[in-house]
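Please open the structure in your viewer and set the side chains to be shown as sticks. The tour goes from one selection to the next and says what is found at each stop.

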Amino acid sequence: MTGIWIAAGLCAAGVVAYIVYCLRRLGTPTKGASIDRSMRPGTALVVIDVQEDFTRNTGKHAFDPGQRDAVLAEIGRQVEAHRMAGHQVVFVKNVFRDWPVIAAMKMSAGGIGTPGRDGLKLDRTLAVGNAPVFEKSIGDSFSSPQFEAWLEEKRIGRLVLVGLDACHCVQLTAKGALNRGYDVEIRDPATLTTTPDRWTDLKGELGKLGAAFA
């Protein structure tokens with residue numbers, strides 16, 4: 001009987017450890033091999049998590065509709081301008097895959113961003129065209145091996161980031177890029193966040209790490 005209780009305790013501890021790991025991983029920037037900037041002359045506009053589960057959310061985590069529409073319009077202008085300049089444009093979507101995160105999102109945010117939802121699609125205003133779309137399940141876009149491989153294939157060394165949430169996936173992607181030696185610029189008018197006060201502090205932190213803002 002004692003052995004059963006020990007085994008049950010170990011299983012419970014393992015589950016708790018896994019939950020903590022998943023939640024911590026969600027908000028931690030990734031690390032990777034440093035790129036050779038001299039071999040990466042290209043620029044890519046990276047549009048992060050502009051999905052209707054987030055942009056059209058009407059719950060307590062909803063964006064102000066007027067601000068949202070202004071930012072979506074600016075993102076559209078950025079997409080058009082970068083295409084006109086001959087730059088690559090890439091879209092990244094978030095779909096939570098770890099069950100502790102899925103459970104947390106269902107309990108706290110109505111399940112937005114979880115598998116099977118129609119709102120996982122990119123916002124209706126985006127001119128996606130034939131641009132590549134990659135999926136991630138945590139904050140940093142570099143958690144997608146396919147995204148990182150595409151950047152290498154296209155010889156991209158400079159990233160221009162737009163999208164949401166600035167205080168989460170945008171800043172985590174910026175840090176993941178800086179960790180690898182990319183040149184990073186964040187187009188501030190083309191980002192959204194539900195925590196603007198925190199974004200002010202994070203911009204200072206990212207600037208010290210080498211990110212530029214426009």
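## Charged side chains and ring pairs

Select arginine 68 to begin: its relative accessibility is 13%, and because buried means under 20%, arginine 68 counts as buried. Keep in mind during the whole tour that this is a predicted model. Now add aspartate 69 to the selection, and you will find that its side chain meets that of arginine 68 in a salt bridge, at 3.0 Å from N to O. Aspartate 69, at 40% relative accessibility, counts as partly exposed.

Next, select aspartate 188 and lysine 203, whose side chains meet in a salt bridge of 2.7 Å, again given from N to O. Aspartate 188 belongs to strand β5 (residues 183-192) and lysine 203 to helix α7 (residues 196-209), so this pair ties together parts that are 15 residues apart in sequence. Aspartate 188 counts as partly exposed, at 22% relative accessibility, and lysine 203 counts as partly exposed at 26%.

Then move to arginine 25 and aspartate 98, where another salt bridge joins the two side chains at 3.0 Å, N to O. Here the pair links distant parts of the chain, 73 residues apart, with arginine 25 in helix α1 (residues 2-26) and aspartate 98 in the loop between β2 (88-94) and α4 (99-109). Arginine 25 is partly exposed, at 29% relative accessibility, whereas aspartate 98 is buried, at 15%.

How many salt bridges does a search of the whole structure find? The search finds 16 of them. To look at a network of salt bridges, select Arg37, Arg158, Asp183, Glu185 and Arg187 together, since these residues are linked in one.

The last stops are aromatic rings, and in general a pair of such rings is described by the distance of the centres and the angle of the planes. The count for this structure comes to 5 aromatic pairs. One of them is formed by phenylalanine 134 and tryptophan 150, a tilted pair with 6.1 Å from centre to centre and 55° between the planes. Because phenylalanine 134 lies in strand β3 (residues 133-136) and tryptophan 150 in helix α5 (residues 145-153), the pair ties together parts that are 16 residues apart in sequence. Phenylalanine 134 counts as buried at 12% relative accessibility, and tryptophan 150 counts as buried at 9%.

Now select phenylalanine 142 and phenylalanine 147, which form an edge-to-face pair, 5.3 Å centre to centre with 75° between the planes; both of these residues are buried. Finally, add Tyr182 to the four ring residues already visited, and you have a cluster in which ring pairs link Phe134, Phe142, Phe147, Trp150 and Tyr182.

Notes
Residues numbered from 1 in each chain as written. Predicted model: local features only at pLDDT ≥ 70, side-chain atom pairs only at ≥ 80, totals over all residues. Heavy atoms only, no water. Phe/Tyr/Trp six-rings, centres within 6.5 Å; stacked < 30°, edge-to-face > 60°. Helix = DSSP H or I, 4+ residues; strand = E, 2+ residues; numbered from the N terminus. Buried < 20%, exposed > 50% of the residue type's maximum accessible area, 1.4 Å probe, protein only. Salt bridge = Lys/Arg side-chain N within 4 Å of Asp/Glu carboxyl O.
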